[in-house]
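Have your viewer ready, with a cartoon view and side chains that you can switch on as we go. Let's walk through this model together, one selection at a time.

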Amino acid sequence: MPRTRPTRTVALSALAALLLAAATACGDAGGLQGAGPTETAVSPDKLWPQLTPASSPAYEIGEVNREAVKGVTVAGGDIRDVNPVAVVRKEIAENPDDYAGKDAAYRQTGRLMTECAKGAGHGRCPVLQPYYRDLTGDGHPELTLGFRLMPGKTTAVRVYTVEKHRLVQVMTWDDAISGVELAGRSVILRSPSEVAGYEYRLQWTWDADQKAMLLTHDEMLRTGPRDKTPHPSPSRSASPSPSHSASPSRSVSSSASTP
């Protein structure tokens with residue numbers, strides 16, 4: 001059945017309106033709009049040029065943490081065959097004063113290791129679910145594990161790789177943790193700050209020369225509302241001291257996710 005005149009007229013009017021809107025939009029495409037005033041660039045000022053440049057660090061924070069785990073071999077070369085709980089028990093055995101005794105700093109962790117019969121990430125076991133991801137770029141996954149240091153609220157974060165059938169620890173850090181991420185070749189830790197509205201963000205990145213994860217970024221970033229200052233504050237002046245090691249089972253996916 002042919003369209004009636006009123007229907008055809010309405011259709012033509014709608015088409016004309018559509019073409020007009022399209023022409024108007026095309027006329028605006030590519031137009032430049034002001035983004036507001038730009039801050040004036042200021043060149044850096046070099047202070048105290050008479051000072052003799054330092055040749056050694058003032059503080060030892062353990063920039064390179066690399067150590068073979070004694071008594072743990074990876075016969076097939078697959079790090080997923082390593083029992084994460086056994087790795088943590090090795091670390092505890094090497095530091096008994098920290099985990100055994102009523103006055104030990106992490107005495108509750110030492111006691112709760114008996115709850116790990118079902119493996120990491122189950123029940124009250126202090127060893128958290130481990131993650132596997134290639135952090136070195138060699139095509140094989142590394143092991144990122146963590147375990148709670150109790151009765152406090154600190155978490156131990158460790159990274160391990162395999163070299164010639166040996167398990168090698170390439171990163172270690174203990175801190176109050178609010179988030180952990182794996183991104184590219186990096187491990188990123190977020191920790192609460194004593195300054196309200198800010199957090200610490202620390203990033204370790206694999207370094208092929210040192211064959212270890214190096215602390216490449218140490219920042220203090222704003223997380224709360226920006227009431228006064230429009231920019232993040234500078235990096236914190238002091239980092240927590242690194243401490244002593246850690247873990248999923250083969251059922252866990254090899255791609256990392258944020259705990």
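Start by selecting Arg148 and Thr155: this Thr155 in E4 is the bridge partner of Arg148. Bear in mind during the tour that the model is predicted. Now add Leu149 and Thr154, since Thr154 in E4 is the bridge partner of Leu149.

**The hairpin of E3 and E4**

Widen the selection to both strands. E3 and E4 form a hairpin with four residues between them, and the two pair in the antiparallel sense over seven bridges. Look into the loop between E3 and E4, where you will find Pro151. A cis peptide bond joins Met150 and Pro151, with omega at about 25°. For comparison, most peptide bonds are trans.

**On to E5**

Keep E4 in view and add residues 166-175, which make up strand E5. E4 and E5 pair in the antiparallel sense over nine bridges. Try picking out Arg158: its bridge partner in E5 is Thr172. The hairpin of E4 and E5 has two residues between the strands, and in this hairpin Lys164 takes a positive phi near 50°.

How much of E4 is buried? Eight of its 10 residues are, so to speak, under cover: E4 is mostly covered.

**The whole sheet**

Zoom out and colour the strands in the order E1-E5-E4-E3-E2. These five strands form an open sheet with antiparallel pairing. At the edges are E1 and strand E2 (131-133), each of which pairs on one side only. Turn the sheet to see its twist, which averages 30° from one strand to the next.

**Two nonpolar cores**

Show the side chains of Ile79, Val127, Phe147, Tyr160 and Leu167. These are the residues with the most contacts inside the largest nonpolar core, which has 25 residues. Strand E1 (67-73), helix H2 (84-94), strand E3 (142-149) and strand E4 (154-163) each give two or more residues to this core. Apart from it lies another core, of 19 residues, including Tyr131, Met171, Leu189 and Met220. As a rule, nonpolar side chains in soluble globular proteins tend to be buried together.

Centre on Leu167 next. Which residues are in contact with Leu167, leaving aside its neighbours within four places in sequence? They are Glu67, Ala68, Val69, Val72, Val74, Ile79, Val82, Val87, Tyr160 and Thr161.

**Salt bridges**

There are nine salt bridges in the structure. Select Glu163 and Arg66 for one of them: the closest N and O atoms are 2.6 Å apart. Glu163 lies in strand E4 and Arg66 in the loop between helix H1 (5-28) and E1, so this pair ties together parts that are 97 residues apart in sequence. Arg66 is partly exposed, with a relative accessible area of 34%.

Then visit Asp78 and Arg80, whose side chains meet in a salt bridge at 3.9 Å, N to O. Asp78 is partly exposed too, at 23% relative accessibility.

Another stop is Asp103, which forms a salt bridge with Lys102, with 3.4 Å between the closest N and O atoms. Are these two buried or exposed? Asp103 counts as exposed at 65% relative accessibility, and Lys102 is exposed with a relative accessible area of 68%.

Finally, select Glu91, Arg158 and Asp174 together: a network of salt bridges links them. You have met Arg158 before, as the bridge partner of Thr172.

**A serine in a loop**

Jump to the loop between strand E7 (186-192) and strand E8 (198-207), where Ser193 is found. Ser193 counts as buried, at 16% relative accessibility. A polar atom of its side chain lies 2.9 Å from the backbone nitrogen of Val195. Leaving aside neighbours within four places in sequence, Ser193 is in contact with Tyr198, Glu199, Tyr200 and Met220. Met220 also belongs to the 19-residue core.

**Two more positive phi values**

Most residues other than glycine have a negative phi. Go to the loop between H1 and E1 for Trp48, which has a positive phi of about 45° although it is not a glycine. Trp48 counts as exposed, at 57% relative accessibility.

Our last stop is Lys211, in the loop between E8 and strand E9 (212-222). Its phi is positive as well, near 55°, and at 43% relative accessibility Lys211 counts as partly exposed.

Notes
Residues are numbered from 1 along each chain as its sequence is written. This is a predicted model: local features need pLDDT of at least 70, side-chain atom pairs count only at pLDDT 80 or more; totals for chains, interfaces and linings use all residues. Side-chain values use heavy atoms; hydrogens and water are left out. A nonpolar core is a set of buried Ala, Val, Leu, Ile, Met, Phe, Trp, Tyr and Cys residues joined through side-chain atoms within 4.5 Å. Buried means under 20% relative accessible area, exposed over 50%, partly exposed in between (1.4 Å probe, protein chains only). Contact means heavy atoms within 4.5 Å. Two strands pair if DSSP finds at least two bridges between them. Axes are lines fitted to C-alpha atoms, for helices over the stretch in contact, and angles run from 0 to 180 degrees between N-to-C directions. A salt bridge is a side-chain nitrogen of Lys or Arg within 4 Å of a carboxyl oxygen of Asp or Glu. A polar contact is a pair of N or O atoms within 3.5 Å; within protein, one must be able to donate a hydrogen and the other to accept it, and residues adjacent in sequence count only if both atoms are side-chain atoms.
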